[in-house]
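Work through these exercises with the model open beside you. Try each task before you read its solution.

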Amino acid sequence: MNRLAETIAGLIRQTGPISVSDYMALCLFDPEHGYYTSREPFGAKGDFITAPEISQMFGELVAVWLYSAWCASGMDKPATFAEIGPGRGTLAADIARTLGKLDPQCATACDLALIEASPRLAQVQQQALAEAGMQTAWPASVEALPDRPVFFIGNEIFDAIPTRQFVKSGNAWRERVVSLDESGGFRFAAGVDTLDEALLPHGADRAADGVVFEIAPARTALLDTVADRIARHGGAALFFDYGHLEPGLGDTLQAVRGHAPHDVFDTPGEADLTSHVDFAALAAAARAHGLAAHTMTQGAFLRAMGLGERAGQLGASGNAALRDTLADQVERLAGAEQMGELFKVLALLPHHLEVYPFPDGGLT
């Protein structure tokens, strides 16, 4: 066992089994040994590569959408472009650069906010944004943003927020917990807490014993905070993540280390832990605040925003090797067998705003 595993095992021995949500939180955010507090997870040398790290085109097209939303809002008030969980700052830097080219007055009139919980990553972001050309701040939370229109962006944020799991056990759905086996290793078990069956998706009553249902109140809470800000002060939001558009059953908890699948109990704190995002639940939370919520696949969004045309522009003056690289990037971002279908997009807008490609083409 590594140090974090020993800490978690000691906690279980003292207080009893812990929820899957608590296990995820400890693995990801333990102050000393947590994955995001102690490691550099991004890029080829890390454990996974996000869309902004694959190609500048991703950030450019996101910036075009955010700029369109800002223009649709009237451009008559100071506004903030805010990224939640900005990683190494790659996406924010591409957005700032693109806004400066699209409309220098927008880049001057608006500011950039990076909402980051990790002091270590904030330092990396400061270096990436050193020449951003936009006034940039690092507020501690969404609540700390100024009272003005905010245009939010988040890429692979919700999947890292811990989820609760419930397992079908006889006539009840019991919370799935992490316990210790006879040898002192981690194992899953059914706890004593049960789930209100009103929260289950259609057809759950026919599920067999052992089937898992996931629910993530912490994700909904973040979405509530963002939606409330937009409803009260204006703005919009665009989120990218992997998950499903309709509620369902199934265990999607997974670990990744070194760009490969990893056992969720092996070396906690040294692998990324995630689960699929329920976009229907997030969209419902946004609509409860009076916003329009639209979803589509990442591939459909990027192609609608001109991914192919942008790749053609970048490759027009280059050689064959550059064009091959760009074609590979397009496929990785939007291909059905790559990120195009697995990753989804959620756009939040006040009902009076229409920003292409939403609502036309959006699955409301």
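**Exercise 1: Two helices late in the chain**

The axes of helix 12 (residues 307–316) and helix 13 (residues 320–334) cross at roughly 165° and come within 9 Å. This model is predicted. Task: decide whether helix 12 is roughly parallel or antiparallel to helix 13.

Solution.
- Step 1. Take the angle, roughly 165°.
- Step 2. Compare it with the cut-off: angles over 145 degrees count as roughly antiparallel.
- Step 3. Helix 12 is therefore roughly antiparallel to helix 13.
- Step 4. Add the handedness: helix 12 passes helix 13 in a right-handed crossing.
- Step 5. Find the residues that make the contact. Helix 12 supplies L307, A311, L314, G315 and A316. Helix 13 supplies L322, R323, L326, V330, L333 and A334.

**Exercise 2: Two helices early in the chain**

Task: state how helix 1 and helix 2 are oriented to each other, and which residues make the contact.

Solution.
- Step 1. Locate the pair. Helix 1 covers residues 3–15, and helix 2 covers residues 20–29.
- Step 2. Read the geometry. The helices pack at an angle of about 150°, with their axes 11 Å apart.
- Step 3. Apply the cut-off of 145 degrees. Helix 1 and helix 2 are therefore roughly antiparallel to each other.
- Step 4. Note that their crossing is right-handed.
- Step 5. Name the contact residues. L4, I8 and L11 of helix 1 meet Y23, L26 and C27 of helix 2.

**Exercise 3: Two aspartates**

Task: classify D272 as buried or exposed. Then find the relative accessible area of D181.

Solution.
- Step 1. Place D272. This residue is found in strand 13 (residues 272–274).
- Step 2. Check its relative accessible area, which is 7%. Buried means under 20%, so D272 is buried.
- Step 3. Look for its partners. The side chain of D272 makes a polar contact with the side chain of Y36, at 3.1 Å. Beyond its neighbours within four places in sequence, D272 is in contact with residues including L28, Y35, F48 and Q254.
- Step 4. Turn to D181. Its place is in the loop between strand 7 (172–180) and strand 8 (186–194).
- Step 5. Read its relative accessible area, 26%. D181 is therefore partly exposed.
- Step 6. List its partners. The side chain of D181 makes a polar contact with the side chain of S183, at 2.9 Å. Leaving out residues up to four places away in sequence, D181 touches F186 and R187.

**Exercise 4: The nonpolar cores**

Task: find which helix gives the most to the largest nonpolar core.

Solution.
- Step 1. Start with the core itself. The largest nonpolar core has 51 residues. Those with the most contacts inside it are V62, W65, F81, L238 and F301.
- Step 2. Identify the helix. Helix 5 (residues 56–72) gives the most to this core, with 10 residues.
- Step 3. Inspect L238. Not counting residues up to four places away in sequence, L238 touches V62, W65 and F301, among others.
- Step 4. Look for another core. One of 28 residues lies apart from the largest core, and V150, L222, V277 and F279 are among its members.

**Exercise 5: Unusual backbone**

Task: find which residues a cis peptide bond joins, and what the phi of E156 is.

Solution.
- Step 1. Recall the usual case. Most residues other than glycine have a negative phi, and most peptide bonds are trans.
- Step 2. Find the cis bond. Y356 and P357 are joined by it, with omega about 5°. P357 lies in the segment after strand 16 (343–350).
- Step 3. Check E156. Its phi is near 55°, a positive value. This residue sits in the loop between strand 5 (150–155) and strand 6 (164–169).

Notes: Residues numbered from 1 in each chain as written. Predicted model: local features only at pLDDT ≥ 70, side-chain atom pairs only at ≥ 80, totals over all residues. Heavy atoms only, no water. Helix = DSSP H or I, 4+ residues; strand = E, 2+ residues; numbered from the N terminus. Buried < 20%, exposed > 50% of the residue type's maximum accessible area, 1.4 Å probe, protein only. Polar contact = N/O pair within 3.5 Å; in protein donor to acceptor, adjacent residues only side chain to side chain. Contact = heavy atoms within 4.5 Å. Core = buried A, V, L, I, M, F, W, Y, C linked by side-chain atoms within 4.5 Å. Axes fitted to C-alpha atoms, helices over the stretch in contact; angles between N-to-C directions. Parallel < 35°, antiparallel > 145°, perpendicular 65-115°, else oblique. Left-handed = near helix turned anticlockwise from the far one by under 90°.
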